[in-house]
Amino acid sequence: MITEVGSKRLSLPRKFFSHWDITSRCNYKCRYCTYENRDEGFYDYGHKLKIIHFYECLYAYFDVDLILFGGEPTLDPDFLKVVERLDTSLYPLQIFTNLSQPISWFKELYKKQRYIRFIASYHYSMCDPKEFMNKVKFLLDHFYEVYVKIMWDSKYKAIIKEVYTMFEPLRVDYSDFVLSIDRIWHEDQRFNKFDMQWYKEEQRKNQRLQTYYKVDNGIKYSTSFNEIKLECDGIANYEGMECDCGTKNLIVCSNGDVHHCLTFRKNHFKPLFNIINDRYTDYLYLLDKNIICPHKNCYSEVAVPKRKP
Ligand code: SF4
Ligand code: SF4
């Protein structure tokens, strides 16, 4: 087993959770979107092949649980080619999508790869719920798992409750279906105590809505940035805490920049390295130690343990 990169020793084996933003482009314009460069052009296949080679190199050192992300990743014209190349021997390939592609496109995807977990975000202002539901059923019948995340935009809060209720029966019909809600709060339309009563009751019935966990030292963390924001009444501050994202998390941006966490990218920190321009094997040792969080806010959607150093 390889335990060294250059002269730096790596502690193995270990699992990395990685986002690859194949493209930042998105065809939707949700008003709560925090993504930048939604009109970005697409990179050519040669560029993406270099990123695939990087992942192939990582597979030699780490177990990599990969999620294809965006923008809307399925818009990338090379998406099917990329999926065909990626290794799914350890984990299902995860695709985070708004499900705007037609069913005919998903049929093509099925021919290339079936071991896929979809994380499908539903955006009420952009998409008809029945059309979305039909696609979810198709995916459930053909692929590995579907996780639907309904964006509970407070502007349309009553109708989105109905949409959630419409999806509920699928939880009984399909064991590989997961349903959750991600609250999006706006100044002009707040959630009131009746909304929260409803939400708490749903949380009792559906474990996956209980987005909060406690780690050993009692620090809460969540898989939802919006939930953290609401619960903290502001963005969570982990400045000065030791964070496992240094050894568990990897964000690969569409231009090939690599960061430990989403927050580093959003704050335009200098990347750890760039896959396209740098000899990345010289930098892999940087993935081998936890970091002390330098931020006053955390945008991480991945549950990364943090602790007092
Ligand atoms: S679908 Fe997602 S990436 Fe696209 S605009 Fe909406 S929130 Fe942003
Ligand atoms: S901002 Fe990054 S380093 Fe800081 S707590 Fe969040 S995930 Fe960890």
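Visitor: How do the residues of the shell around ligand 1 divide into nonpolar, polar and charged?

Guide: Welcome! Keep in mind that this is a predicted model. In the shell around ligand 1, five residues are nonpolar, five are polar and two are charged.

Visitor: Which residues surround ligand 1?

Guide: Look for Cys26, Cys30 and Cys33, which are among them, together with Tyr28, Lys29 and Tyr35. Gly70, Gly71 and Glu72 also belong to the surroundings of ligand 1, as do Asn98, Ser121 and His123.

Visitor: What about ligand 2: how many residues surround it, and which are the closest?

Guide: Twelve residues surround ligand 2, and the closest are Cys243, Cys261, Thr263, Cys293 and Cys298. This shell divides into eight nonpolar residues, three polar ones and one charged one.

Visitor: Let's turn to the fold. How many helices and strands should I look for?

Guide: The protein has nine helices and 16 strands.

Visitor: How do I read a sheet, and in what order do the nine strands of the open sheet stand?

Guide: The general idea is that strands of a sheet pair through backbone hydrogen bonds, either parallel or antiparallel. Here, the nine strands follow the order β8-β7-β6-β5-β4-β3-β12-β13-β14, and their pairing is mixed. At the edges are β8 (177–184) and β14 (273–274), each of which pairs on one side only.

Visitor: How do strands β12 and β13 run, and how many bridges join them?

Guide: Strand β12 (residues 249–252) and strand β13 (residues 257–259) run antiparallel, joined by two bridges. To find the place by eye, look for Val252, which stands opposite Val258 in β13.

Visitor: Which strands does helix α4 lie across?

Guide: Helix α4 (residues 129–142) lies across β6 (116–122), β7 (145–153) and β8, and it runs at about 160° to β7. Helix α5 (residues 157–173) also packs on the sheet and touches β6, β7 and β8; its direction makes about 165° with that of β7.

Visitor: And in what order do the strands of the three-stranded open sheet stand?

Guide: Their order is β15-β11-β16, with antiparallel pairing. The edge strands are β15 (291–292) and β16 (306–307), each pairing on one side only. Two bridges join β11 (residues 242–243) to β16, and Glu242 stands opposite Arg307 in β16.

Visitor: Now the interior. Which residues touch the most other members of the largest nonpolar core?

Guide: As a general idea, in soluble globular proteins, nonpolar side chains tend to be buried together. In this model, the largest nonpolar core has 51 residues, and Trp20, Ile150, Ile251 and Val252 touch the most other members. Strand β7 gives the most to this core, with five residues. Across the protein, buried residues make up 33% of the 309 residues.

Visitor: What is Ile251 in contact with, leaving aside its neighbours within four places in sequence?

Guide: Ile251 is then in contact with His19, Val258, His259, Cys261, Leu262 and Arg265.

Visitor: One last residue: why does Ala120 count as partly exposed?

Guide: Ala120 is partly exposed because 18 other C-beta atoms lie within 10 Å, and a residue would need 20 or more to be buried, or 12 or fewer to be exposed. You will find Ala120 in strand β6. Not counting residues up to four places away in sequence, Ala120 touches Thr97, Leu99, Val136, Val146 and Val148. The C-alpha atoms of Ala120 and Asn98 are separated by 5.5 Å, with the two residues 22 apart along the chain.

How values were computed:
Residues are numbered from 1 along each chain as its sequence is written. Chains are lettered from A and ligands numbered from 1 in the order in which they are written. This is a predicted model: local features need pLDDT of at least 70, side-chain atom pairs count only at pLDDT 80 or more; totals for chains, interfaces and linings use all residues. A residue is near a molecule or strand if its C-beta atom, placed from the backbone, lies within 6 Å of it. Ala, Val, Leu, Ile, Met, Phe, Trp, Tyr, Cys and Pro count as nonpolar, Asp, Glu, Lys and Arg as charged, and the others, Gly among them, as polar. Two strands pair if DSSP finds at least two bridges between them. Helices (H or I, at least four residues) and strands (E, at least two) are DSSP runs, numbered from the N terminus. Two residues are in contact if their C-beta atoms, placed from the backbone, lie within 7 Å. Axes are lines fitted to C-alpha atoms, for helices over the stretch in contact, and angles run from 0 to 180 degrees between N-to-C directions. A nonpolar core is a set of buried Ala, Val, Leu, Ile, Met, Phe, Trp, Tyr and Cys residues joined through C-beta atoms within 7 Å.
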